[in-house]
Amino acid sequence: MTELTPDRCLHELFEERARLNPDALAVVDARIRVTYAELDALADRVARALGEVAPETLVGVLADRSVHAVAAFLGVLKAGGAYVPVDPANPPHRLTYLLADAGVTTVLSRGEHQVPEGPWAVVRLDADLPYGERGNTAHQDNLAYAIYTSGSTGAPKGVLVSHRQIVLSTLAQFAYDRPDPGVFLLLPSLSFDAAADGLYWTLLSGGTVVLPGEQILLDPLALRDLIAREQVTHSDCTPSLYSLILGEDAAGLSSLRCVKVGGEACPPDLLRRHHALLPDAVLVNNYGPTEATVWATTYLSRSARLPGATVPIGAPIPHARVYLLDDRMERVPAGETGELYIAGAGVARGYLGRGGLTAERFLPDPFHGGERMYRTGDLAREGAEGLIEFAGRTDDQVKIRGYRIELGEIENALTEHEQVLVAAVVAHDLDGATPQLVAYVQSTADPETLRDFLSDRLPTHLIPRHIVVVERFPRTVSGKVDKAALPRPEAVREYVEPRTELEVKVAAMVGEILELRGTERVGLTDNLFDLGASSLHISQLALRIWTELGAMVAVHALFEIPTVAGTALAIEALALKDTNAWDLDRLAEECALDPSIDATGLPHARLTDPRTVLMTGVTGYLGAHLLERVLRTTRAEVFCLVRASDPAAGLVRIRDTMAAYRIEADLDRVRVVVGDLGEPRLGLSERLWDELAERVDVIFHNGALVNFLFPYSKLKAPNVEGTVEILRLASTTTVKAVHYVSSIDSFLNTGIRRPFLEDPPLSPAEVPDGYPRSKYVAEQRVIAARERGIPACVYRTGMIIGHTVSGATAPDYMLLQIKGMLIFGVVPAAEGLVDAIPVDFAAQAIATIASRPDSLGHSFHLWNPQMTTFEQVYEWIRSYGYIFESASEQAVMEKVLTIELDNPLFPLLPLYADPKWRDQPEDLQPARAAQVDVRQELANTLRAIEGTGLVCAPLTEEYVHGSIDFMVETGFLDAPQVQRARLTRGD
């Protein structure tokens with residue numbers, strides 16, 4: 001065949017294929033089947049009936065799913081014109097509008113369709129059309145078609161696409177390593193540009209296009225039968241339709257080799273289900289508006305592995321460029337959301353007769369002089385592996401209670417649930433009150449299950465107030481969800497009026513923070529989270545109480561009593577100095593271990609040379625590095641406890657974490673166990689629990705919920721009871737070694753004074769709060785288990801930061817503070833010491849110590865024997881290029897009180913306002929540290945790693961700069977020049 005190039009018109013390329021394969025089957029519809037020669041001849045007759053049509057002349061086509069409609073497209077092109085495909089299923093008034101707006105003088109249609117009256121001639125495609133030659137003066141830069149699209153608002157508008165653009169779009173199909181279509185099941189309406197994707201790819205490849213009848217299209221089972229009957233190899237449809245076709249088994253679908261989806265977000269579960277049922281078929285997720293000629297980016301999936309949490313829309317196709325820009329038309333850093341612009345040769349000419357709208361949406365390309373780009377109105381981000389992830393629509397962005405919310409983000413999260421087929425989220429004004437998020441799902445899961453599922457993935461302000469299960473979704477003519485037709489839920493809430501002056505003040509604060517309006521009021525007993533509050537709002541409330549009422553209410557107290565009445569009681573309790581119901585006796589009682597946990601008399605597993613290991617927390621920073629070390633230093637099979645919908649999804653989470661921290665590891669020996677530290681028996685089935693009890697030799701327990709804002713009651717289940725379940729497993733069937741990762745907080749938040757020794761019992765002088773309390777209690781229960789025969793090690797870590805080679809760093813609370821402070825160029829003057837160790841040292845030390853029999857039953861401190869000061873760290877940050885001042889506590893607090901919700905420091909404000917949390921512990925002040933022999937505090941650790949060559953690297957300028965490199969590259973920190981520019985502008 002003559003080389004496929006964009007310098008030829010579309011119909012010329014088809015004619016060449018028809019000459020090469022005249023007897024091959026070209027198109028099959030519900031009535032007839034035609035070969036390439038027959039289709040070419042029928043198109044010639046259409047062209048003859050039209051006569052010579054001047055280039056740029058538009059011809060209407062009532063485009064049903066028929067051979068005649070395809071012949072009409074080709075015939076119009078052969079005659080020299082451009083076709084306007086219109087779905088005959090449209091209401092008459094819409095048909096009239098589309099044909100009139102296009103200015104057509106001729107309409108092509110099969111006889112069964114009623115063509116509305118208008119200033120156009122009608123040519124019946126199934127009539128006896130004339131034979132003969134036809135002329136054609138069109139060239140590749142003339143129009144090929146105009147397709148009408150409604151977009152998100154406004155009247156339908158015709159998008160003008162040239163031969164060169166649709167040919168380029170079609171030729172791009174051949175640029176990927178995937179099979180050319182043998183038999184293509186074309187599911188989109190021929191009036192949409194999505195149909196051009198499969199139609200012309202197939203016809204230029206010599207394959208067969210199958211057009212299903214309207215009734216079959218509505219029946220997924222009938223479509224499965226059609227796929228089996230025609231031995232379909234390729235298909236293209238929306239993810240929601242493909243999910244229905246795929247079902248739960250592959251019966252009748254074995255011929256498929258390539259399935260293309262697009263038009264809406266592709267759920268991760270659909271991708272996993274596809275590869276489980278059709279392992280030999282590639283799944284392609286395409287993205288592209290009509291204005292970019294069918295498609296602009298693509299993601300080819302050959303396995304169930306995902307590069308990130310969502311199915312990406314991939315990378316630009318050969319002739320396209322994609323930009324993610326902010327409001328200033330500047331590129332956004334990787335990982336941040338920007339508006340998606342498409343440039344390149346595929347950008348359409350513009351809108352028919354809409355010069356103003358064309359100028360608004362088709363803009364000069366600021367990066368390629370003389371070219372244009374199309375403003376999609378879509379939001380996206382550059383995710384894992386540099387692939388683009390769809391993040392919603394700008395017109396799907398709503399603002400509720402101070403938050404800009406992307407409805408698409410919530411929809412994507414819902415469709416990750418394996419029982420959700422389709423999801424749509426809208427913001428409803430119920431009874432004239434503040435807009436509320438309402439999610440609609442086609443699902444077998446109940447709303448509470450889905451709400452719990454979302455709470456693990458989204459912040460509180462993104463959790464819908466209502467989740468409505470619908471049997472099916474109303475859809476537009478294009479097949480997309482019609483949100484305007486979804487039913488409105490009723491708003492029902494009993495209002496209890498605040499009684500005291502304090503309650504009235506608190507209610508007013510809550511109303512202002514949540515930006516309530518209309519008839520919505522804050523009642524005495526309303527749960528603030530039900531009103532839409534998030535952890536940020538609770539932080540803001542605590543700050544308002546502190547600044548306006550002079551009361552320092554702990555954030556965790558507000559979490560435990562999230563009502564106006566409860567908050568008022570907490571404030572009054574402060575006035576009575578009754579701020580802590582816990583004393584040291586109650587703390588000691590809390591540390592008692594369940595008497596049923598006892599390993600006395602049980603046979604020992606292989607405690608230091610394991611065949612099987614269980615690990616928790618492997619999707620965290622230290623846990624991922626520790627997993628790499630265990631895989632490297634042992635030959636054990638490694639079970640990893642992960643919260644996920646299924647093992648495949650859990651493995652994806654592990655791989656994503658490894659990739660994010662630039663860890664290279666062979667995971668062939670990893671087996672994912674889906675579970676939850678916060679559930680009895682770790683959320684495992686009895687069979688799986690028994691299997692682990694029988695097989696596991698060693699347990700590395702690093703998992704925990706790390707949140708300094710949460711109260712102890714919210715952290716107890718995962719952090720304390722989860723540890724108890726680990727100990728229970730360690731004392732079932734065989735005695736297993738347990739390696740528990742604790743924290744230096746066991747000392748710093750309990751009033752214990754230096755020297756901090758490893759093995760002696762801890763004698764707290766104060767009761768810790770929140771997260772430190774959870775770690776202290778869990779650690780004490782682990783130590784108690786030693787006395788009952790469980791060989792348990794405790795590793796108390798300090799701050800863990802960047803890898804000495806890759807620089808990979810995980811944002812912790814100190815780094816969040818620094819990031820937030822850099823935004824306004826001020827940091828608090830600090831004389832204290834920074835106790836930070838490289839993550840690779842921490843992981844290697846734990847793995848090394850765990851392999852020594854004489855380590856079992858002891859505690860180990862993973863601290864840096866060569867601490868440095870905060871001021872020195874600040875100097876190294878300055879030498880990287882950032883500008884900021886060290887200021888007094890008062891000056892910093894004046895800045896802090898002005899920050900906005902999007903500042904990274906905002907969630908920490910109530911903590912920062914608490915001197916107990918904010919001030920550097922006395923035991924980490926240089927004067928106190930100088931009186932302590934740190935080697936005495938690290939005696940067990942230094943003895944265990946002696947002779948191994950393992951040394952904790954000190955903090956240096958080069959090391960700190962390597963960690964900052966990573967944080968800038970991954971978008972956690974702005975580059976210094978960006979930070980300096982913002983401070984100069986006063987942003």
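**Exercise 1. Which residues have the most contacts inside the largest nonpolar core, and how many residues does that core have?**

Before starting, note that this is a predicted model, where local features need pLDDT of at least 70, side-chain atom pairs count only at pLDDT 80 or more, and totals for chains, interfaces and linings use all residues. Residues are numbered from 1 along each chain as its sequence is written, and side-chain values use heavy atoms, with hydrogens and water left out.

*Step 1.* Get the term straight: a nonpolar core is a set of buried Ala, Val, Leu, Ile, Met, Phe, Trp, Tyr and Cys residues joined through side-chain atoms within 4.5 Å. Buried means under 20% relative accessible area, exposed over 50%, and partly exposed in between (1.4 Å probe, protein chains only).

*Step 2.* The largest such core has 63 residues, and Val27, Leu39, Leu108 and Leu203 have the most contacts inside it.

*Step 3.* Helix H3 (residues 67-79) gives the largest share of this core, 10 residues. Helices here are DSSP runs (H or I, at least four residues), as are strands (E, at least two), numbered from the N terminus.

*Step 4.* There is also a second, separate core of 50 residues, with Met615, Ile654, Tyr661 and Phe841 among them.

**Exercise 2. Find what Leu108 and Thr106 are in contact with, leaving aside neighbours within four places in sequence.**

*Step 1.* Contact means heavy atoms within 4.5 Å.

*Step 2.* For Leu108, the list reads Val46, Leu50, Val59, Gly60, Val61, Leu62, Ala72, Val76, Val123 and Leu125.

*Step 3.* Thr106 sits in strand S5 (residues 106-109) and is buried, at 15% relative accessible area. Its contacts are Leu50, Val59, Gly60, Trp120, Ala121 and Val123.

**Exercise 3. Work out how H3 packs against H2 and against H6.**

*Step 1.* Axes are lines fitted to C-alpha atoms, for helices over the stretch in contact, and angles run from 0 to 180 degrees between N-to-C directions. Under 35 degrees counts as roughly parallel, over 145 as roughly antiparallel, 65 to 115 as roughly perpendicular, and the rest as oblique.

*Step 2.* H2 (residues 36-50) packs on H3 at about 55°, with the axes 7 Å apart, and that makes H2 oblique to H3.

*Step 3.* On the H2 side, the contact includes Leu39, Val46 and Leu50; on the H3 side, it includes Ala72 and Val76. By class, this contact has 13 nonpolar, 2 polar and 3 charged residues. (Ala, Val, Leu, Ile, Met, Phe, Trp, Tyr, Cys and Pro count as nonpolar, Asp, Glu, Lys and Arg as charged, and the others, Gly among them, as polar.)

*Step 4.* H3 and helix H6 (residues 194-205) pack at about 75°, with axes 13 Å apart, so the two are roughly perpendicular.

*Step 5.* Here Val70, Phe73 and Leu74 of H3 meet Leu199, Tyr200 and Leu203 of H6. That contact splits into 6 nonpolar, no polar and no charged residues.

**Exercise 4. Track down some backbone oddities: a cis peptide bond and positive phi values outside glycine.**

*Step 1.* The Arg754 to Pro755 bond is cis, with omega near 5°. Pro755 lies in the loop between helix H23 (745-748) and helix H24 (770-786).

*Step 2.* Glu56 has a positive phi of about 80° and lies in the loop between H2 and strand S3 (58-62). At 31% relative accessibility, Glu56 is partly exposed.

*Step 3.* Thr293 has phi near 65° and sits in the loop between strand S13 (282-287) and strand S14 (297-301). With 0% relative accessibility, Thr293 is buried.
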